[in-house]
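Reader: I'm new to this one. Could you walk me through how its parts earn their labels?

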Amino acid sequence: MDHTLLINRFAAEQGQPGWSRQRLLHEALRHAIRSGSLPPGSRLLASRVLAAELGWARNTVIYAYEQLASEGWISAGRRGTVVNARPASVLAGVSRAAGTGAMAAREISPSVPERAALSRRSAGLACLPVAADLAAAFAPGVPALDAFPLDLWRRLMMRAWRSLAGSQLNYGPPAGELALREAIAAHLRASRAVRCSAEQVFITDGTQASLDLCARAFADAGDKVWMESPGYGGALTAFRAAQLRPIGITVDAQGLAPRPQDWLQHRPQLIYVTPSHQYPSGAVMSLERRLALLDQARRCGALIIEDDYDSEFRYDGPPLAALQGLSPEVGAPEVSLSDAPVLYLGTFSKTLFPGLRIGFMVVPSALVRSLHELLARSAPRGRAAEQLALAEFLREGHFGLHLRRMRRLYQQRRDALIAVLQHQLSDLATVQGASAGMHLALCFDPALALDDQAISAAALRAGIVAPALSQHLCGRRSSAWSGLMLGYAQVPAEQMAAKVARLAAVIRTELR
């Protein structure tokens with residue numbers, strides 16, 4: 001065995017940038033042993049000889065050999081350094097990794113199952129294509145990370161850590177740090193017309209965690225939950241994982257459009273909506289629809305989950321008030337928050353940065369105590385420093401300033417994208433849902449019968465992230481929803497023309 005050739009080939013095919021020589025040699029030899037290129041009983045070159053052949057320091061080779069020996073792959077003896085034999089269970093795994101198939105694995109170890117699989121409940125969950133680089137154009141929901149005030153955030157984090165007492169390193173309050181909940185409640189009352197107090201705010205690990213909690217806490221297995229169709233795949237995943245029954249309700253230009261028979265035939269326990277900027281179409285739910293939805297939900301005892309994920313960014317007029325703060329019908333007297341059947345969800349992943357992993361829920365007053373008790377039993381919180389830093393970010397006005405800056409930046413980028421789309425693709429598609437948020441919908445002309453999922457897959461291969469609208473349908477596929485989601489928040493305006501040109505080439509290729 002030519003060890004030098006083996007190592008050089010591994011480095012070229014599987015080596016990673018930044019690996020040290022010690023790491024590279026260790027990984028190359030371990031791969032050769034696991035794949036069978038160095039079978040049991042093979043004798044490795046003496047460390048001095050291998051170091052001379054590679055032109056590396058001998059300590060580099062000694063380190064790699066010692067690491068392999070500690071893992072049980074090799075051992076040193078009178079015959080030199082020799083590859084160890086492995087148990088049958090390990091060999092079965094090696095056979096599969098080397099591509100020899102399930103039959104070889106069964107012959108070596110009959111106890112190994114033919115395949116590992118998720119539970120039946122998990123196997124049917126929604127799966128949307130994801131890009132290797134989630135910051136690529138035009139990935140929806142990705143903010144302009146390079147515009148985030150990172151130095152300021154570092155200072156706030158250091159200040160928060162210096163202020164922590166030892167006791168705050170323990171599990172935190174089930175609802176989250178009070179300082180952050182107070183700051184969020186104050187912001188929501190002022191900017192989103194949400195009626196709430198700090199005790200109604202619950203800190204979560206993001207919108208997905210909030211959805212999982214809603215599905216577990218406020219519905220039982222088999223209960224029906226209404227989903228916008230097309231709608232957010234993450235919500236569909238959460239509801240199916242909780243063994244709820246998703247019912248797709250059509251979306252039109254005014255948002256969720258339930259029919260009278262839907263309330264009779266599919267009485268919901270939960271109703272999931274994105275009224276301020278529908279995901280993925282971008283439609284804005286009309287005031288009439290909002291009031292009717294509140295009234296009907298109250299009549300049938302359902303809870304509305306209002307996902308207000310990116311409504312802070314509105315460009316054509318002032319921000320719309322949240323559904324949560326509306327009265328049940330026009331002209332009705334003010335109602336208490338406990339009378340509004342709304343679970344309001346928000347996140348800082350879109351307004352600040354996804355890695356923060358902090359979201360929140362605002363629940364009706366009547367549900368506060370029971371939800372608090374549930375979380376105390378099942379989900380103790382932590383990460384006090386991040387929560388305290390974020391509370392200060394809100395209290396000192398940095399959050400409001402950042403939102404204003406991003407609103408101007410995103411509007412500039414949105415305008416650039418719309419102009420390029422109209423120039424390059426106006427004969428094939430129209431732009432919808434661009435009045436707010438961080439993405440718009442490019443809807444194909446139904447007469448063209450374009451396959452948006454095939455186009456989305458081809459665009460991904462070309463380095464463009466553009467999820468298909470039809471991929472978000474809950475239920476039957478419809479030609480009325482054929483198009484692409486295009487996120488623009490992270491794409492500089494000067495790059496729009498080149499990115500859209502690449503996407504347009506993919507679409508016109510499909511058209512031919």
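**How the labels are earned**

Author: Let's start with one pair of residues: Thr-204 stands opposite Gly-359 in E10. Keep in mind that this is a predicted model.

Reader: What makes E3 and E10 a pair?

Author: Two strands pair if there are at least two bridges between them. E3 and E10 have four bridges, in the antiparallel sense, so by that cut-off they count as paired.

Reader: And what makes E4 and E5 a pair?

Author: The cut-off is again at least two bridges. Strand E4 (residues 224-229) and strand E5 (residues 245-252) are joined by six bridges and run parallel, so they pair too. Within them, Val-225 stands opposite Pro-246 in E5.

Reader: Where do those strands sit in the sheet, and which are the edge strands?

Author: The sheet is open, with eight strands in the order E3-E10-E9-E8-E7-E4-E5-E6 and mixed pairing. E3 and strand E6 (255-256) are its edges, since each pairs on one side only.

Reader: Which residues cover the two faces of E3?

Author: Val-201 and Ile-203 are on one side, Phe-202 and Thr-204 on the other, and all are buried. That fits a general pattern: in a regular strand the side chains alternate between the two faces of the sheet.

Reader: Which helices lie across E3?

Author: Among them is H9, which lies across E3, E9 and E10 and runs at about 115° to E3. Another is helix H10 (residues 207-217), which lies across E3, strand E7 (270-273), strand E8 (303-307), E9 and E10, at about 160° to E9.

Reader: How do you know that the span of H9 agrees with its number of residues?

Author: H9 covers residues 178-191, which is 14 residues, and at 1.5 Å a residue that should span 20 Å. Its end C-alpha atoms are 20 Å apart, so the two agree. After H9 comes Ala-193, with a positive phi near 55°.

Reader: Which residues of H9 are buried, and what do they pack against?

Author: The buried ones are Leu-180, Arg-181, Ala-183, Ile-184, Ala-185, His-187 and Leu-188. Each is called buried because its relative accessible area is under 20%. They pack against strand E3 (201-204), strand E9 (342-347), strand E10 (359-362), helix H15 (384-395) and helix H16 (398-425).

Reader: What about the span of helix H2?

Author: H2 has 15 residues, 21-35, so it should span 21 Å, and its end C-alpha atoms are indeed 21 Å apart. Its buried residues are Leu-24, Leu-25, His-26, Glu-27, Ala-28, Leu-29, Ala-32 and Ile-33. Their cover includes helix H1 (3-14), helix H3 (47-54), helix H4 (58-70), strand E1 (74-77) and strand E2 (80-83). Just after H2, Gly-36 has a positive phi of about 95°.

Reader: What makes the link from Asn-84 to Ile-74 a polar contact?

Author: The cut-off for such a pair of N or O atoms is within 3.5 Å. A polar atom of the Asn-84 side chain lies 3.2 Å from the backbone oxygen of Ile-74, so the distance passes. Asn-84 itself is in the loop between E2 and helix H5 (88-97).

Reader: Last one: which residues of the largest nonpolar core touch the most other members?

Author: Of its 71 residues, they are Phe-348, Leu-390, Tyr-410, Leu-486 and Ile-507. H16 gives the most to this core, eleven residues. A second, separate core has 28 residues, including Phe-202, Val-225, Ala-238 and Ile-305.

Terms used. Residues numbered from 1 in each chain as written. Predicted model: local features only at pLDDT ≥ 70, side-chain atom pairs only at ≥ 80, totals over all residues. Heavy atoms only, no water. Expected span 1.5 Å × (residues − 1). Buried < 20%, exposed > 50% of the residue type's maximum accessible area, 1.4 Å probe, protein only. Contact = heavy atoms within 4.5 Å. Polar contact = N/O pair within 3.5 Å; in protein donor to acceptor, adjacent residues only side chain to side chain. Axes fitted to C-alpha atoms, helices over the stretch in contact; angles between N-to-C directions. Core = buried A, V, L, I, M, F, W, Y, C linked by side-chain atoms within 4.5 Å.
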